[in-house]
Amino acid sequence: MAYSWFKAFHIIGFVVWFAGLFYLVRLFIYHAEANQEPEPARTILKNQYQIMEKRLYNIITTPGMFLTVAMAIGLITTEPEVLHEGWLHFKLLFVALLIGYHHYCSRLMKQLAADECRWTGQQLRALNEAPTVFLLVIVLLAVFKNNLPTDITVWLVFGAIILMAVTIQLYAKKRKRDKEKLTAEIGQIAQEQS
Ligand code: HEM
């Protein structure tokens, strides 16, 4: 019974953790792109994003990580034999990388607050695909364990995710180009009228 409780809250924990991670980097994108806005909008937006990022990181994302890890410790102490399983060793490797990503996000948050972040909105969009890969690999390992399938289904799932990521990047690029074109047109009209 304890094992099922730990597992239920382990799942709730990583849903919260990932919701936080995905939204956090989306806020970083808006924060970085606020630099292109004229004053006073730039300062107002940047201050607002800074508050939102801090709250999201401290109240949702980090507690989600601690809940996931605490419940995982509960699972392992209830059934310690799981520690000998190969799938868990692989999973732990990806979880370690995920925790590294989590801490890197905290560094980016501080750099954005200090106006020292060198990442562009486009690069941050690409970075925001990383948790998708972690989520996919870790959940597949947790569910299939040592029988992780390598057939066409897995490749189709990976292909669909890569296609989705590329489409998001291309769409963002198109929106940026459209916005620049519109700004140039507005500038030209204003010049003609003055
Ligand atoms: C500290 C790191 C982690 C450890 C040590 C750990 C360990 C475990 C263990 C021992 C189980 C029980 C397996 C079973 O009874 O079937 C489990 C289940 C699960 N874990 Fe983790 N886990 C960790 C992090 C994560 C993360 C980050 C995710 C999601 C991205 C995740 C997703 C899952 C899922 C979906 C299950 C349920 C699998 C099933 O019932 O079929 N785990 N985990």
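Are histidine 10 and lysine 91 buried or exposed? Both histidine 10 and lysine 91 turn out to be buried. Keep in mind that this is a predicted model.

**View 1. The iron site, with His10 and Lys91 as protein donors.** Here the iron atom of the ligand is coordinated by NE2 of His10 and NZ of Lys91, at 1.8 to 2.0 Å. This pair ties together distant parts of the chain: histidine 10 sits in helix H1 and lysine 91 in helix H3, 81 residues apart. Why call the arrangement octahedral? Because the 6 donor atoms around the iron atom of the ligand subtend angles of 84 to 178 degrees. For reference, the ideal angles for six octahedral donors are 90 or 180 degrees.

**View 2. The surroundings of the ligand, 21 residues in total.** Tyr3, Lys7, His10, Lys91 and Lys145 come nearest. On the polar side of things, an N or O atom in the side chain of lysine 7 is 2.7 Å from an oxygen atom of the ligand. Histidine 10 puts a polar side-chain atom 2.7 Å from a ligand nitrogen, and for lysine 91 the distance from a side-chain N or O atom to a nitrogen atom of the ligand is 2.6 Å.

**View 3. The largest nonpolar core, with 26 residues.** Leu24, Phe28, Leu98, Tyr101 and Leu124 touch the most other members. Helices H1, H2, H3, H4 and H5 each give two or more residues to this core, and H1 gives the most, with 9.

**View 4. Zooming in on leucine 98.** Setting aside neighbours within four places in sequence, leucine 98 is in contact with Trp17, Phe18, Leu21, Phe134 and Ile138. Apart from the largest core lies another one of 5 residues, including Val82, Trp87, Leu88 and Leu141.

Key
Residues numbered from 1 in each chain as written. Predicted model: local features only at pLDDT ≥ 70, side-chain atom pairs only at ≥ 80, totals over all residues. Heavy atoms only, no water. Core = buried A, V, L, I, M, F, W, Y, C linked by side-chain atoms within 4.5 Å. Buried < 20%, exposed > 50% of the residue type's maximum accessible area, 1.4 Å probe, protein only. Helix = DSSP H or I, 4+ residues; strand = E, 2+ residues; numbered from the N terminus. Contact = heavy atoms within 4.5 Å. Donors = N, O, S within 2.8 Å, 3.2 Å for Na, K, Ca; no water. Tetrahedral: all angles 85-135°; square planar, octahedral: opposite > 155°, others 65-115°. Near = heavy atom within 4 Å. Polar contact = N/O pair within 3.5 Å; in protein donor to acceptor, adjacent residues only side chain to side chain.
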